[in-house]
Amino acid sequence: MSDTTACPLDCYDACEISYNSGKLKGVKSGHTRGFLCPHLNHYDTHKQIHMPRYRGKEISLQEALCILSDMLYSSRREEVLHYRNHGNFGLMQAVTEHFFASYGATLTNGSLCDGAGEAGIIQGRGSNLNMPLSEIEKSEVFIFWGRNPHATSSHLLPLVKNKTIIVIDPIQTKIAKEADLHIQIKPHGDLSLALLLSRFLYIEGDYNKEYLEKYASEYEEFYELTQGVRIKMTLDEIDVTLGQIGKILALVKNKKVAIVCGVGLQKYSDGADVLRAIDSFATLLGLFAKEGCGVSYLGNSQENITSPFNQKAKRVSKVDTDFSKFRTVFIQGANPLSQMPNSLRVKESLAKVENLVYFGLYENETSAMAELILPAKDFLHKNDIRRSYSHNAMLTMPKMCESDFGISEYDLSACLCQAFQIELQDEAFYIEHFKSFAVEYPDGSWHVEMREEAPYRDGFDTEDGEFEFLDSFEKDFNMNEKLFLITSKSEKSLNSQFNREKSLYLNSALGFLEGEILTVSSACGNVDLSVKICDDVREDCVLIYSGTPGVNNLTTSKHSLDGKCAIYQEEKVELSRQKKMSDDKS
Ligand SMILES: Nc1nc2c(c(=O)[nH]1)N[C@H]1C(S)=C(S)[C@@H](COP(=O)(O)OP(=O)(O)OC[C@H]3O[C@@H](n4cnc5c(=O)[nH]c(N)nc54)[C@H](O)[C@@H]3O)O[C@H]1N2
Ligand SMILES: Nc1nc2c(c(=O)[nH]1)N[C@H]1C(S)=C(S)[C@@H](COP(=O)(O)OP(=O)(O)OC[C@H]3O[C@@H](n4cnc5c(=O)[nH]c(N)nc54)[C@H](O)[C@@H]3O)O[C@H]1N2
Ligand code: SF4
Ligand SMILES: [Mo]
């Protein structure tokens with residue numbers, strides 16, 4: 001048996017792990033450099049669900065599988081919904097979709113995560129290929145733009161040591177404290193900033209004319225668009241100075257620059273335009289043409305990989321799913337009651353479902369509401385294989401040891417496929433299928449084939465091979481009224497898994513006291529939380545981390561304009577001291 005696997009979590013780093021006598025360690029070679037993060041260092045301290053339950057009563061796995069089959073037999077196919085998110089990022093997790101699609105159930109589409117930004121990137125470049133780590137390693141200047149690497153991608157940190165660091169973030173994150181320049185921008189000011197940076201870059205003439213003529217010939221039209229931005233008014237609105245713009249341009253001049261973007265930037269209705277504007281600035285700077293330069297975001301981890309599973313199904317959006325339309329809802333690898341936007345709507349809609357099934361590892365809001373609970377096996381006790389959205393490795397995740405509890409996604413699907421006479425191949429067949437998209441490197445690691453080491457050097461994946469600059473944008477967001485909600489990732493939790501935050505973080509200048517309970521309200525709902533004072537947060541912001549119970553009472557279930565994505569920071573919020581008694585609280 002191999003002693004090497006990979007972390008299953010939805011995380012940029014996708015670390016390789018060695019497993020020895022019950023201990024998890026980062027693999028010494030490669031980007032992991034022998035260390036993991038707190039989630040995996042304390043993985044075995046988080047209590048998993050061991051026994052299946054039906055209406056609150058523990059039952060055997062066999063009984064649970066019979067009840068699930070009965071639920072499916074007694075529902076019409078169009079009354080069944082399969083709702084999956086990425087609690088485990090393994091490619092084999094989708095095997096259940098093969099069953100549900102073949103059975104005739106409805107599946108989901110849309111994104112709770114990076115979809116808006118990805119849409120903007122694809123509009124510009126024609127695809128969403130990431131700057132590889134091997135190129136990032138060569139960069140001299142890093143712009144962390146709406147990305148918090150200490151919390152969400154700590155394995156990048158060794159690569160940026162002793163390099164020039166610029167951070168653009170409304171929060172003074174750890175990386176901002178270490179940075180050569182921190183622009184503590186007003187939230188949602190990034191589109192304007194990218195346009196202003198482009199405008200001044202063009203005026204200074206520091207762009208690569210030869211590359212642009214060949215691969216992005218409409219750069220002058222883009223410059224004209226940036227001329228429509230009123231300088232003084234916009235700088236005031238986003239709380240950036242002309243001096244700071246000058247500093248950024250001086251720091252990147254003639255340097256190898258990596259712009260490292262995160263999802264923080266695009267939690268707004270125009271999230272696609274934000275990433276496209278940043279890409280436009282990067283193109284003008286010539287970053288796609290040069291060694292050690294580029295833009296990093298969440299790449300499409302499935303690019304060049306075809307699914308072996310049946311994917312043909314009716315789909316509804318996972319952002320505003322109307323669960324009440326379905327009699328049987330099967331939830332897998334997700335905690336929608338906490339993580340979907342507009343929790344009050346989600347709760348009301350899920351309450352109308354007759355058969356709510358939860359298939360997961362941990363107890364949470366969704367398991368508490370479910371009729372039937374099926375415990376999953378964790379990654380150490382099943383076979384899988386994974387990709388990353390930040391590097392190009394294909395990592396096998398063989399079973400490390402046996403366990404008496406839970407069921408793997410494959411075994412559950414095999415059982416259901418048998419009951420409903422649906423064809424399913426061996427587990428090994430599917431794993432080999434995924435592996436066949438990778439090639440072995442001399443050091444023994446596997447990497448996805450056909451991934452150019454540095455993408456877009458010889459043009460873009462658009463129809464004519466040219467970059468499509470941002471050509472228009474909307475501007476109807478009120479930057480001044482109420483407070484901004486910032487809801488980003490905590491170091492302690494992986495969304496709602498592991499140690500969840502319980503507080504809201506506020507600047508002391510707002511005059512509230514540590515520990516007092518405040519009601520935070522938006523147009524969608526409210527939540528009562530206790531205050532932690534933190535002057536790293538701007539005075540016009542309320543920071544409530546992802547996974548904090550009740551945070552999504554505040555968020556809207558509207559979609560981004562492009563990319564069918566949730567927009568967690570679109571709603572502005574207000575604070576009040578008087579504690580309202582309402583059953584809105586969760
Ligand atoms: N520890 C930990 N790691 C995780 C996760 C986790 O929950 N915990 N979740 C995983 C998942 S699902 C994902 S998608 C990734 C996401 O990881 P990241 O891309 O790092 O995403 P966030 O933490 O949401 O936001 C990053 C930064 O954006 C900033 N930000 C917020 N609004 C704005 C804005 O308007 N403008 C600018 N310039 N910055 C803004 C926030 O202050 C924050 O510092 O992390 C993954 N890794
Ligand atoms: N306010 C706010 N809301 C957000 C975000 C935010 O930043 N702020 N971020 C959004 C983003 S980027 C994302 S990606 C989503 C994440 O949303 P979800 O994917 O719903 O996130 P988790 O809270 O990680 O819940 C995953 C569940 O998967 C289960 N699980 C883990 N491993 C396995 C397994 O091997 N098999 C099975 N069957 N189940 C397993 C666990 O029980 C866990 O409860 O949240 C979104 N919601
Ligand atoms: S950094 Fe990310 S991939 Fe690595 S162990 Fe932690 S959660 Fe897993
Ligand atoms: Mo995510």
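# Reading the fold of one protein chain

Q: What makes up the contacts in the protein chain between residues at least 6 apart in sequence?
A: Among such contacts, meaning heavy atoms within 4.5 Å, 76% join residues at least 24 apart in sequence. This is a predicted model, in which local features need pLDDT of at least 70 and side-chain atom pairs count only at pLDDT 80 or more, while totals for chains, interfaces and linings use all residues. Residues are numbered from 1 along each chain as its sequence is written, chains are lettered from A and ligands numbered from 1 in the order in which they are written, and side-chain values use heavy atoms, leaving out hydrogens and water.

Q: Why is the protein chain called as compact as a globular protein of that length?
A: The protein chain holds 19 helices and 28 strands, these being DSSP runs (H or I, at least four residues, for helices; E, at least two, for strands) numbered from the N terminus. Its radius of gyration, taken over C-alpha atoms, is 24 Å, and the globule rule (2.2 Å times the number of residues to the power 0.38) gives 25 Å for 586 residues, which is close, so the chain is as compact as a globular protein of that length. Along the principal axes, the C-alpha atoms of the chain fill a box of roughly 70 × 65 × 45 Å.

Q: How many of the 586 residues count as buried?
A: Set against the cut-off of under 20% relative accessible area (1.4 Å probe, protein chains only), 61% of the 586 residues in the protein chain count as buried.

Q: What makes S10 and S12 the edges of their sheet?
A: Five strands form an open sheet with parallel pairing, in the order S10-S9-S8-S11-S12, where two strands pair if DSSP finds at least two bridges between them. Strand S10 (181-183) and strand S12 (294-296) each have a single partner strand, so one side of each is left without a neighbour in the sheet.

Q: How do you know that S11 and S12 pair?
A: Strand S11 (residues 257-261) is joined to S12 by 3 bridges, and the two run parallel, which meets the requirement of at least two bridges. Within this pairing, Ala-258 stands opposite Gly-294 in S12. Helix H14 (residues 271-284) packs on the sheet, touching S8, S11 and S12, and its direction makes about 175° with that of S11, on a scale from 0 to 180 degrees between N-to-C directions of axes fitted to C-alpha atoms, for helices over the stretch in contact.

Terms used
Buried means under 20% relative accessible area, exposed over 50%, partly exposed in between (1.4 Å probe, protein chains only).
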